[in-house]
Amino acid sequence: MTSMWLVLIHALGLGLIDEIAANTDPSDCSTNFPGSASCDRYHDGAAFLQAMQSRSQQTLGADRVDLEILSQGAKKALRAGCDINMLNDGACIGDDVCEGCNLLGANADLPTNDQFFPNRELRCEGNRTCSQVVGAPLAFVSAGQAMVCIGDATCTDVWFISNVGAVCCSSANDGDTCSNSSFNLTVNDVLCQNDVCCDGTRVCTNSTMYDVESLLCRGLLACSDSQVILEQDLYCNATSESNPSSSGSTCSDSTFTFVVNDTHVVDCLGDFVCENSNFSFNQNSAISFECDSEAPGTGGGQGACNNATINLAPGACMDLNCTQDDDCIDLVVNLNGGICWFNMFNQEIRPNFVNVCNKTNSSQCGPITPQEICCRDDPSCASCCVDINITTTSANGSGFPPTSSTSTTSTTSTTTTTTTIYPRNRRNRRNRREHRRNRRQNRRNRRQHARQYRYS
């Protein structure tokens, strides 16, 4: 076995694996390995090593291993793993890295060696990057940090993260980024605007998102088959900016629950966007709900909001605008003590909601202003959180940031600490963010009982 490992390591050092695997016929496994198995069977290291051991015993002390039997699956097993150093650095960059993470106990709180990631974000960028075993969720040690997932099949199957400040998921190619994932954003996070942006093919599909402030979804099937608890606005656009050829059925077959009695904007723009989805609003909310399959920038289409269901609550007021003749087909509005107004006089062809909504030619629910989403034009979430710039010189060697600015001098040690908080981009946005933060805090104070939706 020693000689086998020496030869294998030597081959890896020479970079022969790629060449050998590229010239390997998967059918050869039936003769080289016992049991007539396919090479694809050896997708984990244990199975591969067991098969290698069996073969080495059969060769009765051969001094080399036939490296031509290495499959692509075995090659991946040798390089795969959950690198805790990459996670602590907040930089899982590359293909097939930080995968299959099974971190439990204290190791499940990231980073494990500090309160913050170096760049105040955990970035998973590559293909098939960042995944967990089922039942091993992760959390950020400190609030005020972003989760960024870029690439194909990144942060997927599964990727469950809590105490997150903001989330950005995007893919320019095949997609499936942040699919089968779960993100719990931090309630009352004073350092981040708790927005989520999902852009690309099947990005954020079959996912759950809790305590989102506003959600932006763009691209084919983005945010479909998902469950979302959110406070503010929802923007669904059929066309992806990361992959413009990806289009349609955004935010379909999903459930969106708005838990704050505030103003809300819901835009379902493009081909079959928001189809078969369910929307529920809190009492005394004011809602602007737009369905337009041919909205500018969507590429055109049909069927926005078809077969969708909107559930109001006592005191809620909704302005509903179904722009095209083939939008809102079989859409259902349940008033539940609220009131609905529809803004197009040709909507009589849709008796399912015309019978419960009132005709008008203007907004009846007051001024409803859409909120700025921090990641709308920024797939890296850099504008969503303020940055904490810390310079520390300490005799005790502590790497943790202080809770306040201090200056201490004694005969045994000297500690000088400077803590500065500033926006990552566009400093002049600070006052606007503080105003919005105060406004959000007031809303959260009013939603004490509304959070029952999350657990019902």
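# Exercises on a predicted model

Over residues 442–456 pLDDT (the predictor's confidence in each residue, from 0 to 100) stays under 50, and the model has 29 contacts beyond four places in sequence for this stretch; contact means heavy atoms within 4.5 Å. The model is predicted, so local features need pLDDT of at least 70 and side-chain atom pairs count only at pLDDT 80 or more, while totals for chains, interfaces and linings use all residues. Residues are numbered from 1 along each chain as its sequence is written, and side-chain values use heavy atoms, with hydrogens and water left out.

## Exercise 1. Confidence

State the average pLDDT of the chain, and describe residues 390–433.

Solution. Step 1: the average pLDDT of the chain is 76, and 66% of the residues score at least 70. Step 2: residues 390–433 stay under 50 in pLDDT, and the model has 70 contacts beyond four places in sequence for them.

## Exercise 2. The sheet

Give the strand order of the open sheet of 12 strands and identify its edge strands.

Solution. Step 1: strands (E, at least two residues) are DSSP runs, numbered from the N terminus, and two strands pair if DSSP finds at least two bridges between them. Step 2: the order in this open sheet is 1-3-5-7-9-11-13-15-17-19-21-22, and the pairing is parallel. Step 3: strand 1 (91–93) and strand 22 (358–359) are the edge strands, each pairing on one side only. Step 4: strand 19 (residues 317–322) runs parallel to strand 21 (residues 339–342), joined to it by 4 bridges. Within this pairing, Cys317 has Ile339 of strand 21 as its bridge partner.

## Exercise 3. Strand 10 and its partners

Trace the pairing of strand 10 with strand 8 and with strand 12.

Solution. Step 1: strand 8 (residues 181–185) pairs with strand 10 (residues 208–212) in the parallel sense, over 3 bridges. Asn184 stands opposite Tyr210 of strand 10. Step 2: strand 10 is also joined to strand 12 (residues 227–230) by 3 bridges, and these two run parallel. Here Thr208 has Gln227 in strand 12 as its bridge partner.

## Exercise 4. Nonpolar cores

Describe the largest nonpolar core, then the surroundings of Phe289.

Solution. Step 1: a nonpolar core is a set of buried Ala, Val, Leu, Ile, Met, Phe, Trp, Tyr and Cys residues joined through side-chain atoms within 4.5 Å. Buried means under 20% relative accessible area, exposed over 50%, and partly exposed in between (1.4 Å probe, protein chains only). Step 2: the largest nonpolar core has 69 residues, and Met147, Leu215, Phe279 and Phe289 have the most contacts inside it. Step 3: apart from this core lies another, of 20 residues, including Trp341, Ile368, Ile373 and Cys374. Step 4: not counting residues up to four places away in sequence, Phe289 touches Val266, Cys268, Phe279, Phe281, Cys305, Ile310, Met318, Asp319, Leu320 and Asn321.

## Exercise 5. Disulfides

Count the disulfides, then locate and describe the Cys168 and Cys381 link, the Cys197 and Cys375 link, and the Cys322 and Cys328 link.

Solution. Step 1: with a disulfide taken as a pair of cysteine sulfur atoms within 2.5 Å, the structure holds 17. Step 2: the sulfur atoms of Cys168 and Cys381 are 2.1 Å apart. Cys168 lies in strand 7 (residues 166–170) and Cys381 in the loop between strand 22 and strand 23 (386–393), so the pair ties together parts 213 residues apart in sequence. The S-S torsion of Cys168 and Cys381 is about 100°, so this disulfide is right-handed. Cys168 is buried at a relative accessible area of 1%, and Cys381 is buried at 0%. Step 3: Cys197 and Cys375 have sulfur atoms 2.0 Å apart. Cys197 is in strand 9 (residues 196–199) and Cys375 in the loop between strand 22 and strand 23, so this pair ties together parts 178 residues apart in sequence. The link of Cys197 and Cys375 is right-handed, with 85° about the S-S bond, and both cysteines are buried. Step 4: in the Cys322 and Cys328 disulfide the sulfur atoms are 1.9 Å apart. Its S-S torsion is about -90°, so the disulfide of Cys322 and Cys328 is left-handed.

## Exercise 6. Aromatic pairs

Classify the ring pair of Phe256 and Phe279, and that of Phe258 and Phe281.

Solution. Step 1: rings of Phe, Tyr and Trp (its six-membered ring) pair if their centres lie within 6.5 Å; planes under 30 degrees apart count as stacked, over 60 as edge-to-face and the rest as tilted. By this rule there are 4 aromatic pairs. Step 2: the ring centres of Phe256 and Phe279 are 5.4 Å apart with the planes at 15°, so the pair is stacked. Step 3: Phe258 and Phe281 are also stacked, at 4.5 Å centre to centre and 15° between the planes. Both Phe258 and Phe281 are buried. Step 4: Phe256, Phe279 and Phe289 form one aromatic cluster.
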